[in-house]
Amino acid sequence: MSPPGKAEAVRAMFTRIAGRYDLMNALMTGGRHHAWRRMTAAAVAHAPDVPALDLATGTGDLALALGAASPGRAVVGADFSEAMLAHARAKLQARREQRVTLLAADALALPFPDKTFACVTSAFLLRNLADLAAGLAEMRRVTLPGGLVVALEITRPRVPGWDAIFGVYFDRVVPLIGAAIARDRAAYTYLPQSVERFATPSELAALMRRAGLRDVRYRRLGLGTIALHVSSV
């Protein structure tokens, strides 16, 4: 059970850091986050030829990657932070990207009919949900039979030695970078804490199966610090 007010706290946090979100992602990952999003987009490129939904689209990077991987597909990017969407709109406008539509929406109560999308993707959303089971159920609900639900998440590598090194970086260095660059140490202290509390990749796969998703599989990226889960509806 998530603590009361988690959704409001998460929304406020992303509103605060929206202006430095892209820069922080680039600094924390050495720019690798774009490659991980391209891999996510490639995983759904063969989905049915109807629109895709990118949840917690943030500043729009995964929505753009989806469009690039499937040039004929329309993409809907949804986020519950208007500040993030404002930066996404500016990015789309600068690139003259017209295939991506942005809208404000709550991942736990999506404003779409059943079986609307070929695929639903998310990058770094699931651990922020106030109710993970309800979020997975919504993703499944709005996906066509034969479609895909795909999630990209941060995870601890859990490899002796390397996990300790990553822990020092993630738990101590990242909050310092957040304080210096985003001027929000609290947001980048929450980040490693939220990952530590979240399901392991195998646990998340089991939760996805429990939500009715099929053929759930995952792979680790980023030296084991990122998990890409792919499932079918």
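This tour of a predicted model visits helix α5 and then the aromatic residues of helix α7.

Begin by selecting residues 82–94, which make up helix α5; at 1.5 Å a residue its 13 residues should span 18 Å, and the end C-alpha atoms are indeed 18 Å apart, so the expected and the modelled spans agree. Within α5, colour M84, L85, A88, K91 and L92, which are its buried residues. Because they cover an arc of only 120 degrees around the axis, they lie on the same side of α5. To see what this buried side packs against, add α1 (6–17), α2 (21–29), α4 (61–69), β2 (75–79) and β3 (100–104) to the selection. Then turn to the face of α5 directed away from the buried side, where the exposed residues Q93 and A94 are found. Following α5 comes R96, whose phi is positive, near 55 degrees.

Next, select helix α7 (residues 162–182) and show the side chains of W162 and F166, which lie 4 residues apart, about one turn of the helix. W162 is partly exposed, with a relative accessible area of 28%, whereas F166 counts as buried at 8% relative accessibility. Add F170 and look at its ring beside that of F166: the centres are 5.0 Å apart and the planes at 25 degrees, so this pair is stacked. F166 and F170 are likewise 4 residues apart in α7, about one helical turn, and F170 is buried, with a relative accessible area of 5%.

Finally, keep W162, F166 and F170 selected together, since these residues form one aromatic cluster. The structure as a whole holds 4 aromatic pairs. In the pair of W162 and F166, the ring centres are 6.1 Å apart and the planes stand at 50 degrees, so the pair is tilted.

How values were computed
Residues numbered from 1 in each chain as written. Predicted model: local features only at pLDDT ≥ 70, side-chain atom pairs only at ≥ 80, totals over all residues. Heavy atoms only, no water. Helix = DSSP H or I, 4+ residues; strand = E, 2+ residues; numbered from the N terminus. Expected span 1.5 Å × (residues − 1). Buried < 20%, exposed > 50% of the residue type's maximum accessible area, 1.4 Å probe, protein only. Arc of directions from axis to C-beta. Contact = heavy atoms within 4.5 Å. Phe/Tyr/Trp six-rings, centres within 6.5 Å; stacked < 30°, edge-to-face > 60°.
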